[in-house]
Amino acid sequence: MTQAPGNSSTTKTALDDASDEIKLAVDLIYLLESHEIEPDVALAALEIVRQDLQRKLSKEN
């Protein structure tokens, strides 16, 4: 986090109050865009991730 000059408190952003899901989504979008991943490739990869996480949840229950 950034600090204002002469101020010991940190600067708060809207994302600081966001849910963990929103924070993760923002991070994933940034990662995909910064690596210039094509949307169809990203969606295919996310589907693989979704299936993997579903399997893990099924094993836990």
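Let's start with a definition: a residue is called buried when its relative accessible area is under 20%, exposed when that value is over 50%, and partly exposed in between. Hold on to those cut-offs, and try them on Leu 46. Its relative accessible area is 39%, so Leu 46 counts as partly exposed. One thing to keep in mind throughout: what you see above is a predicted model.

Now the overall picture. What secondary structure does the protein have? It has two helices and zero strands. The helices are H1, covering 20–34, and H2, covering 39–60. Of the 61 residues in the protein, buried ones make up 2%. The protein exposes about 5600 Å², and carbon and sulfur atoms supply 59% of that area.

Let's walk along the chain, beginning with H1. This helix has 15 residues. From its first C-alpha to its last it reaches 21 Å, which is close to the 21 Å expected at 1.5 Å a residue. Find Lys 23 on your screen; it sits in helix H1. Is Lys 23 buried or exposed? It falls in the middle class: with 29% relative accessibility, Lys 23 is partly exposed. If we leave out residues up to four places away in sequence, Lys 23 touches Leu 15, Asp 16 and Ala 18.

Next, please look at the loop between H1 and H2, where you will find Glu 36. What is the phi of Glu 36? It is near 50°, a positive value in a residue other than glycine. Why point that out? Most residues other than glycine have a negative phi. Glu 36 follows H1, and it is exposed, with a relative accessible area of 68%.

Now let's bring the two helices together and talk about leucines. Which residues form the nonpolar patch on the surface? They are Leu 24, Leu 28, Leu 31, Leu 43 and Leu 46, and together they have about 460 Å² of accessible area. H1 and H2 each supply at least two residues of this patch. The largest share, three residues, comes from H1. And here our opening example returns: Leu 46 lies in helix H2. A residue needs over 30% relative accessible area to be part of a patch, and Leu 46, at 39%, passes that cut-off.

Let's stay on H2 and turn to charges. How many salt bridges does a search of the whole structure find? It finds four, and I'd like to show you some of them.

Start with Glu 47 and Arg 50. Their side chains meet in a salt bridge, at 2.7 Å from N to O. Why can these two side chains reach each other? They are three residues apart in helix H2, so about one helical turn separates Glu 47 from Arg 50. There is a general rule behind this. An α-helix has 3.6 residues a turn, so residues three or four places apart point the same way. Both partners are partly exposed: Glu 47 has a relative accessible area of 31%, and Arg 50 has 43%.

Further along, look at Asp 52. This residue forms a salt bridge with Arg 55, and the closest N and O atoms are 3.7 Å apart. Asp 52 also meets the side chain of Lys 56 in a salt bridge, this time at 3.2 Å from N to O. The spacing story comes back here. Asp 52 and Arg 55 are three residues apart in helix H2, about one helical turn. Lys 56 and Asp 52 are four residues apart in helix H2, and they too are separated by about one helical turn. Put the pieces together, and Asp 52, Arg 55 and Lys 56 are linked in a network of salt bridges.

How exposed are the members of this network? Asp 52 is partly exposed at 30%, Arg 55 is partly exposed at 48%, and Lys 56 is partly exposed at 46%.

To wrap up, here are the stops worth revisiting as you rotate the model: the loop with Glu 36, the nonpolar patch that includes Leu 46, and the salt-bridge network of Asp 52, Arg 55 and Lys 56. Thanks for listening!

Key:
Residues numbered from 1 in each chain as written. Predicted model: local features only at pLDDT ≥ 70, side-chain atom pairs only at ≥ 80, totals over all residues. Heavy atoms only, no water. Buried < 20%, exposed > 50% of the residue type's maximum accessible area, 1.4 Å probe, protein only. Areas by Shrake-Rupley, 256 points an atom, 1.4 Å probe, with all protein chains shown as cover. Patch = residues over 30% accessible without salt bridge, like charges linked within 9 Å, V, L, I, M, F, W, Y side chains within 5 Å. Expected span 1.5 Å × (residues − 1). Contact = heavy atoms within 4.5 Å.
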